[in-house]
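Welcome, and please have your viewer ready. We will go from stop to stop, selecting residues as we go.

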Amino acid sequence: GLDSFGVGVDDEMLRRAYHKALLLYHPDKLSGTSSDATKEKKKKKDDQGDAVFLAVQKAFAILSDEQTRRAYDSTNQFDEWIPTGREAEEAEEAGEEFDFYGMYGRVFKSNARFAIQQPVPELGTSASTEKEVEAFYEYWSVRFESWRDFGLEAREHDPEQAEDRYEKRWMIKENEKIAKKRKKEEYARIALLVDRARTNDPRIKKFAHDRAEAKRLTKILKIDAQMAARVAEEAIHFLKQQEAASQAKKDADAAKQRKAARDKLKKAKRRAEKAIWAVISEARSHADFCIDDDCFEALSSILEPEELVALAEQADDSADFQRLLRNALNTKRREPTIRLAFTKDPHTGEHTLHTESSSKADNINKQTKNGTSAEQLSNKMNSVLTVKAPPKPWTEEELSMLAKAIKRFPAGARQRWEMIADHVSSQLRLEIPRTKDECIAKYQELQAAPKRTKAQTEIPKSSAPPVVHTVDENGWTEQQQKQLERGLAMYAASLEANERWKLIAAQVDGKSKKECVERYKQLRKAVQASQVVSSSSKK
């Protein structure tokens, strides 16, 4: 009575059917119902009832065991047909609509009866998501496992009919080989079904098309972003170029203006100095006269060059120029918005100071650009116009030290002449240090003068007669020997040898580093020889 249920019979239904069959075919029930029959008929009916009862018992034993029940259910008739994969093309050629979900859904559902892992996902519809579709095919491709058993179906040999145990073993092995082959064919059929379904699934095609379209749009957006970034970069670069060109033009114009201002200032300075020079001719015999750049720049910030030239042209001498300059600065300090003009009375010879409107009024301050006031400028001009004392003559030691310093600090060194002047003053411990300008002037004087012998170029240190130094057989004077000893004591042997001997040689007048080293070796040998003689005499 379970034929209509097929493989869908559960354990409870099986037990009820078994109990019902026992009530019908149990031998005790059959004997009770045949009490009025003859013995022969009764015996025949008992034999039939025993056979049916035994069949019921065997059937229940097979169906109640899961493994034997699956082997039995596998022998039931089953349609193993799967679509060919060309149904969609055939339907399109015939002008019909292909129902993918109806055809493949039925096939997958019929094969799902053999699945061990439950529940089995359904094929779904066109509204299924990509995740659901991938889960369906992932199940049938990877996780699907069939319980279908081909052991009974593949029994080509009956082991019970074997003549001996060896033949029986052979029959069992052959039956297992056939069953394994059928199982392999079953999985190949399922794999082919899954492959054809995936190939013809319109959702897979739609998902692939959507991904390709998204990728294409992403690529387009990326290209657009790159183009926008490139355009922005080019625009920024163009703006930077324009800004740089504008700034370069401004810098060039500013540099041009500064150069023009410097040239104008130089020309005004030359005109002013020329005019001033004419009124201080008495200072020419004592010292050179000039207005330094700082002084002239500060002075020109209060007096215009034309005013300065006019002032110098009206002066008779340096004292008159100082007086006029002081009056002019005081007037400017009181009234910075006026312009000065000078006239000279031809009868009395006195100068008259006039004032005019000035175009420079708005730019004139009581303080100059570098913070020097008009009163301070007047004092500075007094010092500039003061007759300088004659320069101090150079001694022989100073000239020798100057020559060494020039060698020690070669051309191109930073602050070379400051270092040379400091070296000469510090090494000779001069009470009045030599300045940079004095060193430069002396060097230029020596360079311009024709070369002479050492005896001709010697300058006495004082009015006293020169000191005569005794010279030994090696050409060393007593003074040079003392200078060498002082240098050895001053520079320790821990210094680098080459540098140490350079410093020592700088302390010795007229001797090179090589001569100092040789002198030191001679003295050391002499001391060692004297020590040997002394030790031998003691013995």
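**Stop one: an arginine and its surroundings**

Keep in mind that this model is predicted. Begin by selecting Arg-203 together with the residues it contacts beyond four places in sequence: Tyr-101, Leu-123, Gly-124, Thr-125, Ser-126, Ser-128, Val-133 and Tyr-137. Arg-203 itself belongs to helix α9, which covers residues 202-279. Is Arg-203 buried or exposed? Its relative accessibility is 3%, under the 20% cut-off, so Arg-203 counts as buried. Now zoom in on Thr-125: its backbone oxygen is 3.1 Å from a polar atom of the Arg-203 side chain.

**Stop two: the largest nonpolar core**

Next, select Tyr-137, a contact of Arg-203. Leaving aside neighbours within four places in sequence, Tyr-137 also touches Phe-100, Leu-123, Val-194, Ala-197, Arg-198, Asp-201 and Ile-204. Add Tyr-104, Phe-108 and Trp-140 to your selection: with Tyr-137, they touch the most other members of the largest nonpolar core, which has 21 residues. Which elements give two or more residues to this core? They are α6 (100-111), α7 (130-143), α8 (165-200) and α9. The largest contribution, 5 residues, comes from α7.

Another core lies apart from this one and has 13 residues. To find it, select Trp-394, Leu-399, Trp-417 and Val-424, which are among its members.

**Stop three: out to the surface**

Finish with Leu-24, Tyr-25 and Val-52, which make up a nonpolar surface patch. Together they have about 250 Å² of accessible area. Color helix α1, residues 11-25, to see the element that holds Leu-24.

Terms used: Residues numbered from 1 in each chain as written. Predicted model: local features only at pLDDT ≥ 70, side-chain atom pairs only at ≥ 80, totals over all residues. Heavy atoms only, no water. Helix = DSSP H or I, 4+ residues; strand = E, 2+ residues; numbered from the N terminus. Buried < 20%, exposed > 50% of the residue type's maximum accessible area, 1.4 Å probe, protein only. Polar contact = N/O pair within 3.5 Å; in protein donor to acceptor, adjacent residues only side chain to side chain. Contact = heavy atoms within 4.5 Å. Patch = residues over 30% accessible without salt bridge, like charges linked within 9 Å, V, L, I, M, F, W, Y side chains within 5 Å. Areas by Shrake-Rupley, 256 points an atom, 1.4 Å probe, with all protein chains shown as cover. Salt bridge = Lys/Arg side-chain N within 4 Å of Asp/Glu carboxyl O. Core = buried A, V, L, I, M, F, W, Y, C linked by side-chain atoms within 4.5 Å.
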